[in-house]
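Visitor: Hey, got a minute to walk me through this one? I'd like to start with the cysteines.

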Amino acid sequence: MLKREIGTIIRRTKGFYYLRNDVNETVECKIKGLLFRDSRFDNQAAVGDRVVYQKTEKDDLGLIIEIEPRSSFLSRTRIGKEVEQVIAANIDYLLIVSATKDPAFRFNLICRMLVAASVGKITPVLVITKTDLIPKEAIDHLLAPFRGLELDCFLSTTQEPEQNPELSKLLKNG
């Protein structure tokens with residue numbers, strides 16, 4: 001009987017999945033075709049998924065035989081198809097970054113990302129850059145629609161873009 005091992009998908013390239021196993025080795029795998037049946041997702045396995053795989057001693061190529069349940073996911077609808085495409089799985093935070101100007105503030109993109117985070121059960125974090133390029137009142141106006149949401153918001157300037165200890169702590173501990 002083949003040994004069942006667990007790994008996390010770290011990369012997918014042309015039908016091959018690369019896993020990081022529990023002893024920090026990278027393992028190249030294919031996926032069992034039956035896992036794609038009856039799925040609402042276009043790609044059943046995504047980067048971040050925890051999977052069960054088997055590997056024979058004579059072959060370096062593993063076979064993914066099971067995908068563990070996801071705690072969260074980021075997906076999109078594929079153009080021309082009615083199924084979702086999972087971009088990443090088991091994500092702790094979705095950092096949504098937008099400048100106040102140069103390029104312009106991306107209100108619609110932020111809203112789409114907030115919806116995607118909610119659907120995928122990901123904690124969204126809003127990061128607004130270049131806050132020194134517009135008046136404080138204009139920043140308050142840009143952020144007004146997001147007040148009252150359960151949303152951490154971090155501001156940075158062009159002068160001190162990395163001077164945000166709370167954001168640094170979140171990224172290190174996340």
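Guide: Sure, and bear in mind that this is a predicted model. Cys-111 has a relative accessibility of 26%, so Cys-111 counts as partly exposed.

Visitor: And how does Cys-153 count, at 34% relative accessibility?

Guide: Cys-153 is partly exposed as well, because 34% falls between the 20% limit for buried and the 50% limit for exposed.

Visitor: How many disulfides does the structure hold?

Guide: Zero. A disulfide is a covalent bond between the sulfur atoms of two cysteines. The closest cysteine sulfur to that of Cys-111 is in Cys-153, and at 13 Å it is too far for a bond. Pairs count as disulfides here when the sulfurs are within 2.5 Å.

Visitor: OK, new topic. Which strands form the open sheet, and in what order?

Guide: There are three strands, ordered β8-β9-β10, and the pairing is parallel. β8 (93-99) and β10 (152-155) are the edge strands, each pairing on one side only. On average, neighbouring strands of this sheet are turned by 20 degrees against each other, direction ignored.

Visitor: How many bridges join β8 to β9?

Guide: Seven, with β9 covering residues 123-129. To pick out one pair, Leu-94 has Pro-124 in β9 as its bridge partner.

Visitor: Which helix packs on that sheet?

Guide: That's α1, residues 107-119, which touches β8 and β9. The direction of α1 makes about 175 degrees with that of β8.

Visitor: What span should α1 have at 1.5 Å a residue, and how far apart are its end C-alpha atoms?

Guide: The 13 residues of α1 should span 18 Å, and the end C-alpha atoms are 19 Å apart, which agrees.

Visitor: Which residues of α1 are buried?

Guide: Ile-110, Leu-114, Ala-116 and Ala-117. Looking down the axis of α1, the buried residues fall within an arc of 165 degrees, so they line one face of the helix. As background, an α-helix has 3.6 residues a turn, so residues three or four places apart point the same way.

Visitor: What do those buried residues of α1 pack against?

Guide: β6 (73-77), β8 and β9.

Visitor: And what sits on the face of α1 turned away from the buried side?

Guide: That face carries the exposed residues Asn-108, Arg-112, Val-115 and Val-119.

Visitor: You mentioned β6. In which sense do β6 and β7 pair, parallel or antiparallel?

Guide: Antiparallel, over five bridges, with β7 running through residues 84-89. One of the bridge pairs puts Thr-77 opposite Glu-84 in β7. The hairpin of β6 and β7 has six residues between the strands, and Gly-80 there takes a positive phi near 85 degrees.

Visitor: Let's go back to β8. Is Ser-98, in that strand, buried or exposed?

Guide: Buried, because the relative accessible area of Ser-98 is 4%, under the 20% limit.

Visitor: What does Ser-98 touch, leaving out residues up to four places away in sequence?

Guide: Among its contacts are Ala-104, Phe-105 and Arg-106. The list also includes Ile-110, as well as Val-127, Ile-128 and Thr-129. Ile-110 is one of the buried residues of α1, while β9 spans residues 123-129.

Visitor: And how far is Ser-98 from Val-23?

Guide: Their C-alpha atoms are separated by 38 Å, and the two residues are 75 apart along the chain.

Visitor: Now the backbone oddities. Where is the cis peptide bond?

Guide: It joins Asp-102 and Pro-103, with omega about 5 degrees. Pro-103 lies in the loop between β8 and α1.

Visitor: Which residues other than glycine have a positive phi?

Guide: Asn-24 is one, with phi near 65 degrees, and Lys-121 is another, with phi near 60 degrees. For context, most residues other than glycine have a negative phi, and most peptide bonds are trans.

Visitor: Where do Asn-24 and Lys-121 lie?

Guide: Asn-24 is in the loop between β2 (16-21) and β3 (26-31). Lys-121 is found in the loop between α1 and β9, just after α1.

Visitor: Last one: are Asn-24 and Lys-121 buried or exposed?

Guide: Asn-24 is exposed, with a relative accessible area of 57%. Lys-121 is exposed too, with a relative accessible area of 67%.

Conventions: Residues numbered from 1 in each chain as written. Predicted model: local features only at pLDDT ≥ 70, side-chain atom pairs only at ≥ 80, totals over all residues. Heavy atoms only, no water. Pairing = 2+ DSSP bridges. Helix = DSSP H or I, 4+ residues; strand = E, 2+ residues; numbered from the N terminus. Axes fitted to C-alpha atoms, helices over the stretch in contact; angles between N-to-C directions. Contact = heavy atoms within 4.5 Å. Expected span 1.5 Å × (residues − 1). Buried < 20%, exposed > 50% of the residue type's maximum accessible area, 1.4 Å probe, protein only. Arc of directions from axis to C-beta.
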